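Please find below my comments on the model you sent. They are set out as numbered points.

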Amino acid sequence: MIRIVVYTAVFLLTLQCKQLNAQAVPVYKNPRLPIPQRTADLLKRMTVEEKIGQLLCPMGWEMWEKKGNEVTYSPKFKQLIDSSFVGAFWGVYRADPWTKKTLETGLNPELAAKAGNALQKYVMEHSRLGIPIFLAEESPHGHMAIGTTVFPTGIGLASTWNPELVESASRVMAREIRLQGGHISYGPVMDLSRDPRWSRVEESFGEDPVLTAAIGVAAVKGGGGGDLSKPSSVLSTLKHFIAYGIPEGGHNGNTTILGQRELHENFLPPFQKTVKAGALSIMTAYNSIDGMPNTSNEYLYRDLLKSQWGFRGFVVSDLFSIDGLAGSHRVAKDIREAGELALKAGVDMDLGANAFAKMKQSVAEGKVSIKQLDEAVSRILKLKFEMGLFENPYVDPQLAKAQVRTNESMAIARETARQSIILLENKNNILPLKKTISRIAVIGPNADNQYNQLGDYTAPQDPENIVTVYEGIKASFPAATVNYVKGVAIRDTLNTDIPAAVQAAQHAEVAIVVVGGSSARDFQTNYQETGAAIADTKSVQDIESGEGFDRATLNLLGKQQELLEAIKATGTPVIVVYIQGRPLEMNWAAAHADALLCAWYPGQEGGTAIAEIIKGEVNPSGKLPISVPKSVGQLPVYYNKKNPRGHDYVEMSAAPLYPFGYGKSFSNFEYNKLQVQTKSANRFEVIFLLKNAGIVDGTEVVQLYLRDELASVVQPNKQLKQFQKITLKAGEQKEIRFIIGEEDLSIIDQNMKPKVEAGVFTVMIGGSSSDLPLKATIRVQ
């Protein structure tokens, strides 16, 4: 009996202790409870200062200190956490001249993981509530950190016209961010680019909303598609909301002249589709539209994004764009008022952390309500809960060391580079080069320059990790004598040696001349506080593209044109390769080069990919995602302009040099036997035959365009609606099918509402926007 009483007492005591322990664990720390409940509980416990801290995202590269093979938090980090309760940091692992982080002073993947762990450990153990921090990283074409995989820039990714491949590339980028302790990916860039003078064309997916949406959706899916329970998922941040890529005069961040219908027809749909695909963060843009700065536009964020679209993520400002409401746009008297305008408009996080840091006084004075503050904070906290950071904010440095930049990721980068390269000219089928060729001259400023082929937002690279065109040609033609001469620089007109280049061409069977532009940052370039470069007349560095480097012309700079003409004058066949961040003027090359390739910035594997195409090991399949103008005087020259079609100029036609969707192959493709079947009032099936009539296997991008022949509002002369990338063996024929549905037929009507109107549509199918051999009409009832 005594034993039973003792057992009972012990049981009751144990049960009581468990109940006390359960009561001692705050609701927000209980992973078994619903996230809304945990978020609400945490919000109740937070002070106003702690809430404001969650909205701050200062620059992060000064938050750590490296000590040998170990990393710890810096005094500045400790101060920001202790005094400002900061909830996120940007660019902790970023390395470039602006941050002054080099291969020696920056972090390799293992040390990056250790740094992230050190920051999280301090926050979890030394802050009152133990709220983990978000680490946001740039990743438009690979994580901008040392030792990661570098892919082609956005315009190159779009040139693949291969969403599945882009999804694979994006999966690598996301995994490499998460392995090192990052959580937020700044990218993809969803801006439509209609003015190649703009300095950030390279980051975009081109001029078309359908292609941009398809590539953007693929990038978001590769980043996890919004399922933050996956260990390799990131919060994909769409940039930049909205119409940032068509600034007046091509000046980065300038005002945008745009009507509401055009906004809803072309610029918003790519963002809406990527939000549906799982994007959980959207970045504001520096520009204004019709007098309203985007960073304080309540319609964009509260009405459209959060209410109409049901966006459940958070809105982050571009760097210091809230400050710019006062300093640039002059719609706020100071940055405190700028912060009030932005928060009320629906901006949830302040990248730069100046304006929102002053919000305590705004709350005290009633200029910002607690409800507005809580709404922004809760959007951020919910995603931290979803990602499981409260339970485990740490990563394994050894996994980062072993799994960042693997053979698999490099193979995906190589395949992406291959499919991004566009064959523009191939006269007399000079390509592929004969296998018996014995003497090759590789010439030009971009022939053997690693950084010039990587693009903006790229970290310092181990030279062993990058393959240049010269190196690729040597590897692909091991039996040939390959001579390299730089000849000229991109911009510098003083240090040239065109005679040496001419001599190399004269002694070669073919000259491969690699020209174009550069977005390579260096320590001699000056930068704004936003990271954008400051172009100046004194600089003779190669950089002429990338954020802040807007152009007045599209001509080759320096003495590159002289180099091309001098090499052509030797009589040696000339293959011209443009490595560039925007579509530069190519008129001379189109007329005089024996072959012409556009490689954009092809990434770390670019030299191999270019050489494989020149040799014929790879049949080019890239297509232009943006039209190439003959002259800046034609701009804008995008293909899907509204009716009526423009007439020709006195000096030249209105047509671009190369149109949207254009790209040659070593194969010839034939389109035949178009059929259109009506499935219902607003649904049609399109069927036709595609044949590879060439003698080598090849890949074609089949493009379907529609023209609305009569509508209540003005429509484009043609608009891409769908596409497929099809690989066929030599002589093979395949039946291709498309389904045209309501989304393809819908317009934005006079009442600014989507509507399918009855009438006739012309269906056009082919290999580019100007080569559409198959045509038929459909009637919508």
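The points below cover cysteines, one strand with its partners, and one helix residue.

1. The model is predicted, and the remarks here should be read on that basis.

2. Across the whole structure, the search for disulfides returns zero. Two cysteines can be placed by accessibility: Cys57 has a relative accessible area of 1% and is buried, and Cys598 is likewise buried, with relative accessibility of 1%.

3. Strand β16 spans residues 510-516, and seven of its seven residues are buried. The cover applies to both faces. On one side sit Val510, Ile512, Val514 and Gly516, and on the other Ala511, Val513 and Val515, all of them buried.

4. Which strands pair with β16? One is β14 (residues 439-443), joined in the parallel sense over four bridges. Another is β19 (residues 574-579), which runs parallel to β16 and is joined to it by six bridges.

5. Ala511 appears in both pairings: Ala441 has Ala511 of β16 as its bridge partner, and Ala511 stands opposite Val574 in β19.

6. Ile614 belongs to helix α21, residues 606-615. Is Ile614 buried or exposed? Its relative accessibility is 0%, below the 20% cut-off, so Ile614 counts as buried.

7. Leaving aside residues up to four places away in sequence, Ile614 touches Leu431, Pro432, Leu433, Ile473, Phe477, Ile512, Ile575 and Leu597. Of these contacts, Ile512 is among the buried residues of β16 listed in point 3. By contrast, Val502 lies 112 residues from Ile614 in sequence, with a C-alpha to C-alpha distance of 21 Å.

Technical notes. Residues are numbered from 1 along each chain as its sequence is written. This is a predicted model: local features need pLDDT of at least 70, side-chain atom pairs count only at pLDDT 80 or more; totals for chains, interfaces and linings use all residues. Side-chain values use heavy atoms; hydrogens and water are left out. A disulfide is a pair of cysteine sulfur atoms within 2.5 Å. Buried means under 20% relative accessible area, exposed over 50%, partly exposed in between (1.4 Å probe, protein chains only). Helices (H or I, at least four residues) and strands (E, at least two) are DSSP runs, numbered from the N terminus. Two strands pair if DSSP finds at least two bridges between them. Contact means heavy atoms within 4.5 Å.
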